Each structure stands twice: as C-alpha cells, then as structure tokens.
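Colleague: I would like to go through this model and hear the reason behind each label. Please set the values against the cut-offs as we go.

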Amino acid sequence: MSIPRLIKDSNAKLDYQVSWVDWLASGETISTSAFAIDVAPDAVLTIAASPEPSNTTTTATVWLEAGTVGKTYRVRNRIASSAGRTDDKSFDVTITEK
C-alpha cells in the first residue's frame, strides 16, 4: 500500500483526517489516537496546539501548521482499538508556496 502524499502551503494551518473504518472490525472503535511527525533535520512542520488532535469512533484528526518549503514530512497516526489492537497509518505532507 502506498503512503498518501498531500500538499500544504507553508503559511496554512489545516486539518488532516485518517480514516480507520476499513481496518476496524464490526463493532470495534478507536480507543486512543496519537499523532507524531517523524523526525526530520528541520522539524518545522508542527502539530498545532489548538485545536488539539481528536478522534471519533472511526477517524482521527490532526491540525498541522508551518513547514519548510520544498520539504516532505511523514506524519504518523497510532491508534489502539476497543478490541486491544494497535496499528499505525502514515501520510506525507509536502510543503509548497501557493
């Protein structure tokens, strides 16, 4: 499976959603969710403090801001489910000047 690649302006503060609906078993829900930006030499892309990352029973949302033009960052979402399973999904964010 390929990792999704998204585009973000360096001045934008945007929300990004990760859907777990196809991974969760029937009746299973997201219990906990955490986001991280994999370490880069100039970790300028940041997880916004407000609004905080959140989740529903099937999706997780993070707000990202800043970033260095021309750089690509990998963002990872780790969840634990109501059935005790844990997994990661990642997506790449490339910073551009729009």
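Modeller: Contact means that heavy atoms lie within 4.5 Å. The model is a predicted one. Of its contacts with a separation of 6 or more, 70% are between residues 24 or more positions apart.

Colleague: What elements does the protein have, and how do they run from the N terminus on?

Modeller: There are 0 helices and 8 strands. The elements run β-β-β-β-β-β-β-β.

Colleague: What makes the protein as compact as a globular protein of that length?

Modeller: Its radius of gyration is 14 Å, and the globule rule gives 13 Å for 98 residues. The two values are close, so the protein is as compact as a globular protein of that length. The C-alpha trace spans about 45 × 30 × 20 Å along its principal axes. Of the 98 residues, 33% count as buried.

Colleague: How do you know that E7 and E8 pair?

Modeller: Pairing needs at least two bridges between two strands. Strand E7 (residues 72–81) and E8 have 9 bridges, so they pair, and the sense is antiparallel. One of the bridges links tyrosine 73 to valine 93 in E8. E7 and E8 form a hairpin with 4 residues between them. In the turn, glycine 84 has a positive phi of about 90°.

Colleague: How many bridges join E1 to E8?

Modeller: Strand E1 (residues 5–9) is joined to strand E8 (residues 86–96) by 5 bridges, and these two run parallel. Again at least two are needed, so E1 and E8 count as paired. Lysine 8 stands opposite isoleucine 95 in E8.

Colleague: Why are E1 and E3 said to stand at the edges?

Modeller: The open sheet has 4 strands in the order E1-E8-E7-E3, and its pairing is mixed. E1 and strand E3 (30–37) each have a single partner strand, so one side of each is left without a neighbour in the sheet. On average, neighbouring strands of this sheet are turned by 30° against each other, direction ignored.

Colleague: Why is threonine 94 called buried?

Modeller: Threonine 94 is found in strand E8. Buried means under 20% relative accessible area. Threonine 94 has 13%, so it is buried. Leaving aside neighbours within four places in sequence, threonine 94 is in contact with residues including Arg5, Leu6 and Thr72.

Colleague: What makes the pair of tryptophan 20 and tryptophan 23 edge-to-face?

Modeller: Ring centres must lie within 6.5 Å to pair, and planes over 60 degrees apart count as edge-to-face. The count by this rule is 2 aromatic pairs. The rings of tryptophan 20 and tryptophan 23 have centres 5.3 Å apart and planes at 75°, so the pair is edge-to-face. Tryptophan 20 also counts as buried, because its relative accessibility is 0%.

Colleague: Which residues lie over the faces of these two rings?

Modeller: Arginine 85 lies over the face of tryptophan 23, at 4.0 Å from the ring centre. Lysine 89 lies over the face of tryptophan 20, and its distance from the ring centre is 4.7 Å. The distance cut-off is 6 Å, so both values are within it.

Terms used. Residues numbered from 1 in each chain as written. Predicted model: local features only at pLDDT ≥ 70, side-chain atom pairs only at ≥ 80, totals over all residues. Heavy atoms only, no water. Phe/Tyr/Trp six-rings, centres within 6.5 Å; stacked < 30°, edge-to-face > 60°. Buried < 20%, exposed > 50% of the residue type's maximum accessible area, 1.4 Å probe, protein only. Lys NZ or Arg CZ within 6 Å of the ring centre and 35° of its normal. Axes fitted to C-alpha atoms, helices over the stretch in contact; angles between N-to-C directions. Rg over C-alpha atoms; globule rule 2.2 N^0.38 Å.
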